[in-house]
Amino acid sequence: RHGGKGRAGGCALEQGTVCEGGSIVCRTEGEGRGRKVFAGVFLLRRMTTPKASSDTGALPEEEPKQKAEEPVVTKAEEPEGKTEEPKPKTKAVQTLVEGREYDENQQGQKINKLKKRKVALYVGYYGKAYQGMQRNPGAHTIEDVLEKALNKAGGISDDNFGDMTKVSWMRAARTDKGVSAACNVVSLKMVLEPEGVLDRINEHLPEDIRAFGFVRVTGGFCSRKMCDRRRYGYVLPLWALDPSHSVEGNKRQKASAGSAPSGAAAGESERASKDELVSRFSAILQQFQGTHNFHSYTKGKEWSEPQAKRFIIRWRLETFELNGETYVKCEVLGQSFLYHQIRKMIGMALAISRNVAPEECLQIALNSRKKFNVPLAPEFPLYLEECVFNSYNKKHGHLHGELSRDRFLSEINAFKRAMIDKKIVESAEFNEDVLTWVRGLNDGLYHFSQWKKWDEEARAAMPAKAKRAPKGGSAGEKAPAKEAVGAEGPKEAEKGPDKE
């Protein structure tokens, strides 16, 4: 034992003395910077018994036997032909269950011995039957179904199943109830062996959810934080943009060319052309481009909260014909989106396009500190088109390859045509559901004609310093140097900012 005073002490035994049990006394000293820095006495356990030596009296000729029935024998003294019996294994033989290799511990619990790898999993789904993407207790969500399929396919072990933090689970976009996705990205640690895990996942998924493929990523990859941009699409029938289209009847009167209903009243003004309707609607939507405070275009946010500001990169519109009907596809590209933000932007634009609301209402809701009741468009025509990872590809793309939906574009387009386009546009309920919503778009419900008056009253009641227009309120303002991508508010922490 060490004396604690820079020298060997507390032990009167000589160097090399064998203690009871086979320990050997060994004194040691160290030198450092010209002085002794360490001294001590150590007991070294002898694992084997050396041959008896007559030259020294320090080592006895015989080792004290602790157990007479089990004498200590060195390898040199082992009898020839005698081999040591192998020790029994603590784990059982590996088994293969549903394509997974397992080990079993002493308690009989199955342990997946295969290593997890961080991947970006590309998935698509038709969201009408689900209450959103993100898991929510008591709700039927996309993540619940997807996690069960991964577990059955062997991608997530039984020990990790039910706790998404164990596999670092994160989604790039948290779509709302009823919203679909042509391509969403989930990052997680997944077991990739044995081969064919993607086919096994799809075998356990329903028809309206599909896994397109996965890409290996770095260990610190997070699909939500590292997603630079998100692109959404929203489909509308062309007649919904037409202010002269009557929606007062129980059923919509179908237009002869997708724009004018049959049996129109005499003396009704001539219908606007398709190009004029689309051009005006596009001009309305482009007013949202840039950095603005969208507190009136979301739920649970106030003007003063930094999370209410979002940067819209662009809106783009295109038309297509299907079954004799003209449809307008609206695409919006942005860094991240607030809860209900896209649907409220569409609702506001439709109210202006149909001359239900003055065009100034759009800017009033963006610039005023007062919160206004902005119309919320239906959820079923909205779907997530793409998640973009430009910054990650630039920094880490050389390691495992760039993240892009182009890797699985054929599978994505096939699923989109078969499930999303067919279920949304070609469904018999699509036009009727839009008609029902448009019929409720009126000034009596939203009081658009009073917005300017209410805004002036709110500004008059504010202190002088607070009357100035908020920063980022102009339509042409550039994005801030560091845009808060994926920042979460109080209630939206569960639903997320990109919760369209």
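**Buried cysteines, a central strand and an aromatic cluster**

Cys-361 is buried, at a relative accessible area of only 1%. Cys-222 counts as buried too, since its relative accessibility of 14% falls under the 20% cut-off. With a sulfur–sulfur limit of 2.5 Å, the number of disulfides comes to zero. These values, like those that follow, come from a predicted model.

Some context on the chain is useful here. The chain holds 500 residues, of which 48% count as buried, and its secondary structure comprises 11 helices and 14 strands. Among contacts with a separation of 6 or more, 71% are between residues 24 or more positions apart. As for confidence, the mean pLDDT of the chain is 77, and 65% of the residues reach 70 or more. Two stretches call for a careful reading. Over residues 64–68 pLDDT stays under 50, and the model has one contact beyond four places in sequence for them. Residues 254–270 also stay under 50, yet for this stretch the model has 25 contacts beyond four places in sequence.

Strand β8 offers a good way into the sheet structure. This strand spans residues 180–191, and because 11 of its 12 residues are buried, β8 is largely enclosed by the rest of the structure. Which strands pair with β8? Strand β6 (residues 116–125) does so in the antiparallel sense, over nine bridges, and within the pairing Arg-117 of β6 faces Met-190 of β8. Strand β7 (residues 170–171) is likewise antiparallel to β8, with two bridges joining them; here Met-170 has Ser-187 as its bridge partner. Strand β14 (residues 382–388), by contrast, runs parallel to β8, again over two bridges. In that pairing Ala-181 stands opposite Leu-384 of β14.

Just ahead of β14 in the sequence, attention turns to the aromatic rings. The whole structure contains 14 aromatic pairs. In one of them, the rings of Phe-380 and Phe-430 have centres 6.1 Å apart and planes at 80°, so the pair is edge-to-face. Phe-380 sits in the loop between α5 (360–367) and β14, whereas Phe-430 belongs to helix α8 (residues 429–439); the pair therefore ties together parts that are 50 residues apart in sequence. Are these two residues buried or exposed? Phe-380 is buried at a relative accessible area of 19%, a value just under the 20% limit, and Phe-430 is buried at 1%. Ring pairs also bring in further partners, linking Phe-320, Tyr-327, Phe-380 and Phe-430 into a cluster.

The nonpolar interior can be described in similar terms. The largest nonpolar core has 107 residues, and Phe-288, Tyr-297, Trp-315 and Met-348 are those with the most contacts inside it. Helix α4 (residues 341–353) supplies the largest share of this core, with eight residues. What does Phe-288 touch, leaving aside residues up to four places away in sequence? The list consists of Phe-294, Tyr-297, Ile-312, Trp-315, Met-345, Met-348, Leu-362 and Leu-366. Three of the names in this list, Tyr-297, Trp-315 and Met-348, thus appear again beside Phe-288 among the residues with the most contacts inside the core.

Conventions: Residues are numbered from 1 along each chain as its sequence is written. This is a predicted model: local features need pLDDT of at least 70, side-chain atom pairs count only at pLDDT 80 or more; totals for chains, interfaces and linings use all residues. Side-chain values use heavy atoms; hydrogens and water are left out. Buried means under 20% relative accessible area, exposed over 50%, partly exposed in between (1.4 Å probe, protein chains only). Helices (H or I, at least four residues) and strands (E, at least two) are DSSP runs, numbered from the N terminus. Two strands pair if DSSP finds at least two bridges between them. Rings of Phe, Tyr and Trp (its six-membered ring) pair if their centres lie within 6.5 Å; planes under 30 degrees apart count as stacked, over 60 as edge-to-face and the rest as tilted. pLDDT is the predictor's confidence in each residue, from 0 to 100. Contact means heavy atoms within 4.5 Å. A nonpolar core is a set of buried Ala, Val, Leu, Ile, Met, Phe, Trp, Tyr and Cys residues joined through side-chain atoms within 4.5 Å.
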